[in-house]
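Got a minute to look over a structure before heading back to the bench? Here is a quick briefing to read alongside it.

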Amino acid sequence: MDRGISAYIDEILSALGDEGVSREEIEKEFKRFIEYGVPPEQAKKSIIRKFGGKKITRKFLKDVKPNEQSINIICKIITKNTKEINVKGKDRIIYYGMLGDETAVLPFTSWRSDFPAEKGDIVEIRNAYSREWQGTIQINIGERTDIKKLDETEMPETYHEVKKCKIKDIYSTFGPVEIKAKILSISEKEIETDGTKKKVFSGILGDETGKAQFTAWHDFDLREGDVVRIKGCYAKFWRGIPQIVFDERSTVEKLKEDMSTGSLSVPLYRLVEMRGGIDIVTEGTVIEIKEKSGYVERCPECNRLIKNGECSVHGKVKGVDDLRLKMIVDDGCAGVSAIANREVTEKLIGMTLSDCKKIVKSGGEEELLDIIKKKCFRG
């Protein structure tokens, strides 16, 4: 090939970058322009305009605004979780978690049928869009969004400004955080990841504002009762339950002090917005007692409800007596379904498990349900 043409092809390919256009395709297009008498420099510009339309303009996470379309970002998958939801009567899995780049960390939700990346991967995401939820911008990934894995060297270290916060603050804080909390319970288990067995530690921690579950992917020699300062941990949520996650990249300092822990007190509508929590205090009015309230029998193996002495998983079993109350609670602004355990149910209806069992055995479940409704709605 003529050295002049070759130089032009090189310049075109350099301008286009990684657009998936072959040298042969560019050469063919360039020669076609030359055959029509187009000057080489003008042919070069025309080809760059034609094939460069797919070239993305990268957006940094700190610059994303609510309700933007066609967002193109390069980022790191900091956390990735799955959740099952029901859409138009059909169950489906969605993915959610956090993304980070050099400038910020934002939550994401993916509605794609697959999510071809894992925690720690560097990815290029094209054609995403943004929404605002509880004052926080969220990246949304749809079926038309493209996700491509990149080499780790293609992005510098992710944004790492650690925010100090309390347990109550993690519902609206994204990115690495620093918390001081007391370990209320801890257990150890062994799991297998990438063919390697690894110890994972989990339990409950809390401060004066509330409680959360935690998962430590590194052995920090934590003990029940320890008061610790954790820097560089992340908050995520599973079925509305807050979880603090940290690993060897986090710093855990044991403090020589004690601290009190408390419950998070919130209005019912706020609890609905939060989508859940641990040891939450709220208020509302019981507006409905639902079926299957009252005396029940549970499987001694899995705690599932059994019917006619049979568990759906373990077959014929000797049931364990229990008492519960299924109800709708409303505060005028929001309503939730709630299930009270035996202890709470006995206090609410003023009857013991033994009392309820006698009524069921002599008169049936419907009779007990009527009695419970009268007691809950008296006055």
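The notes below go through helix pairs, nonpolar cores and two loop residues.

Keep in mind that this is a predicted model. Two helix pairs get a closer look here, α2 with α3 and α6 with α7. After those come the largest nonpolar core, with its 44 residues, and a couple of residues with positive phi, Asp279 and Asn308.

**Helix α2 against helix α3**

- Helix α2 covers residues 23-35 and helix α3 covers residues 40-51; the two pack at about 135°, and their axes are 9 Å apart.
- That angle makes α2 oblique to α3, because oblique takes in angles that are neither over 145 degrees nor within 65 to 115, nor under 35.
- The crossing of α2 past α3 is right-handed.
- On the α2 side, the residues in contact are Glu25, Ile26, Glu29, Phe30, Phe33 and Ile34. They meet Pro40, Ala43, Lys44, Ser46, Ile47, Lys50 and Phe51 of α3.
- Sorted by class, this contact between α2 and α3 comes to 8 nonpolar, 1 polar and 4 charged residues.

**Helix α6 against helix α7**

- Further along, helix α6 (residues 353-363) and helix α7 (residues 365-376) cross at roughly 135°, with axes that come within 7 Å.
- So α6 and α7 are oblique to each other.
- Cys356, Ile359, Val360 and Gly363 are what α6 brings to the contact, and α7 answers with Glu365, Glu367, Leu368 and Ile371.
- The tally for α6 with α7 is 5 nonpolar, 1 polar and 2 charged residues.

**Nonpolar cores**

- In the largest nonpolar core, the members that touch the most others are Ile179, Leu205, Leu222, Ile230, Ile244, Phe246 and Leu368.
- Strand β11, residues 227-238, gives the most to this core: 5 residues.
- What does isoleucine 230 contact, leaving aside neighbours within four places in sequence? The list is Val177, Glu178, Ile179, Leu205, Phe246, Thr251 and Val252.
- Apart from that core there is another one, of 20 residues, including Ile77, Phe108, Ile125 and Ile139.

**Two residues with positive phi**

- Most residues other than glycine have a negative phi.
- Aspartate 279 is not a glycine, yet its phi is positive, about 55°. You'll find aspartate 279 in the loop between α4 (268-274) and β15 (280-281).
- Asparagine 308 also has a positive phi, near 55°, and sits in the loop between β17 (294-298) and β18 (310-311).
- Aspartate 279 counts as partly exposed because its relative accessibility is 38%, while asparagine 308, at 70%, counts as exposed.

Notes: Residues numbered from 1 in each chain as written. Predicted model: local features only at pLDDT ≥ 70, side-chain atom pairs only at ≥ 80, totals over all residues. Heavy atoms only, no water. Axes fitted to C-alpha atoms, helices over the stretch in contact; angles between N-to-C directions. Helix = DSSP H or I, 4+ residues; strand = E, 2+ residues; numbered from the N terminus. Left-handed = near helix turned anticlockwise from the far one by under 90°. Contact = heavy atoms within 4.5 Å. Nonpolar A, V, L, I, M, F, W, Y, C, P; charged D, E, K, R; others polar. Core = buried A, V, L, I, M, F, W, Y, C linked by side-chain atoms within 4.5 Å. Buried < 20%, exposed > 50% of the residue type's maximum accessible area, 1.4 Å probe, protein only.
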